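Q: Before any feature is interpreted, may we have the structure in view? A reading of the sheet, the aromatic rings and the cysteines would then follow in turn.

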Amino acid sequence: MQKLIGSKKVKTAVFISGTGSNLKNLIKFSKTKKSPILIDLIISNTNKAKGLIYADIFNIKKKILNFKSNKNAEEKILLITKKNKINLICLAGFMKILSQNFINKFNGKIINIHPSLLPKYKGLNTHEKAIKNKDKFSGCTVHFVTKKLDSGKIIMQKKVKITKNENPNSLAKKILKQEHRLYPAAIIKIFN
Ligand code: GRF
């Protein structure tokens, strides 16, 4: 990734579809001195995303796009991100798959957080799968986004122990807590 020039932070957009706990956490991180990024834009594919509230709370621009046509939505996103000089996209619970064209146009500067130890359990229901398979560990991964779902180069991972009587909810909670530590650490790593 590019080196930081002086103390200028990299303008970043976060894409969400849901609760936005990672978004909130990244916003808080971005306000710290050690953060190489500044969150300047929030994008969602639905106005039902609870996390959109953080746009108001932290006074950050938000844009909701209708993904009925992915192509249209992506074209609009490219325009908005260009206009806002966005240089990094962080996906955080974003439930749409971006096209190769979009990823190329963004020069590979898109990262994602996924709630499993990739390459295990790509896609949805990762916690159910880990428990069903009687895995001893699960965790989370921050990786670069490529066209192939959850398959881009891994930046960082964090392991979490699966205890006896674990259920998908308890595991999700445990992992989410680690996600909030991992995402900022991975962002620092890619700029070093
Ligand atoms: C997280 O578990 C993330 O790994 C996955 O979706 C969830 C989003 O949670 N991609 P939140 O909206 O950030 O709270």
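**Reading the fold and its contacts**

A: In this predicted model, seven strands make up an open sheet with mixed pairing, in the order 3-2-1-4-5-6-7.

Q: Which strands stand at the edges of the sheet?

A: An edge strand is recognised by its number of partners. Here strand 3 and strand 7 (154–161) each have a single partner strand, so one side of each is left without a neighbour in the sheet. On average, neighbouring strands of this sheet are turned by 20 degrees against each other, direction ignored.

Q: In what sense do strand 1 and strand 2 pair, and over how many bridges?

A: Bridges give both the sense and the register of a pairing. Strand 1 (residues 10–16) pairs with strand 2 (residues 37–44) in the parallel sense, over seven bridges. As one point of register, Thr12 stands opposite Ile39 in strand 2. Helix 1 (residues 21–30) packs on the sheet and touches strand 1, strand 2, strand 4 and strand 5 (110–114). The direction of helix 1 makes about 155 degrees with that of strand 2.

Q: How many aromatic pairs are there?

A: Ring pairs are judged by the distance between centres and the angle between planes; planes over 60 degrees apart count as edge-to-face, and those under 30 as stacked. The count comes to four aromatic pairs. In one of them, the rings of Tyr54 and Phe58 have centres 6.3 Å apart and planes at 40 degrees, so this pair is tilted. Tyr54 and Phe58 are both buried. Phe67 and Phe94 form an edge-to-face pair, with 5.7 Å centre to centre and 70 degrees between the planes.

Q: Where in the chain do Phe67 and Phe94 lie?

A: This pair links distant parts of the chain, its members being 27 residues apart. Phe67 is in the loop between strand 3 (61–64) and helix 3 (70–83), while Phe94 is in the loop between strand 4 (88–91) and helix 4 (100–105). Phe67 counts as buried at 6% relative accessibility, and Phe94 is buried at 9%. Ring pairs join Phe15, Phe67 and Phe94 in a cluster.

Q: Which residue lies over the face of Phe137?

A: A ring face may also be read for a charge above it. Lys159 lies over the face of Phe137, 4.4 Å from the ring centre.

Q: How many disulfides does a search of the whole structure find?

A: The test is the distance between sulfur atoms. The search finds zero disulfides. The cysteine sulfur nearest to that of Cys90 belongs to Cys140 and is 15 Å away, which is too far for a bond. Cys90 is buried, with a relative accessible area of 0%, and Cys140 is buried, also at 0%.

Technical notes
Residues numbered from 1 in each chain as written. Predicted model: local features only at pLDDT ≥ 70, side-chain atom pairs only at ≥ 80, totals over all residues. Heavy atoms only, no water. Phe/Tyr/Trp six-rings, centres within 6.5 Å; stacked < 30°, edge-to-face > 60°. Buried < 20%, exposed > 50% of the residue type's maximum accessible area, 1.4 Å probe, protein only. Helix = DSSP H or I, 4+ residues; strand = E, 2+ residues; numbered from the N terminus. Lys NZ or Arg CZ within 6 Å of the ring centre and 35° of its normal. Pairing = 2+ DSSP bridges. Axes fitted to C-alpha atoms, helices over the stretch in contact; angles between N-to-C directions. Contact = heavy atoms within 4.5 Å. Disulfide = S-S within 2.5 Å.
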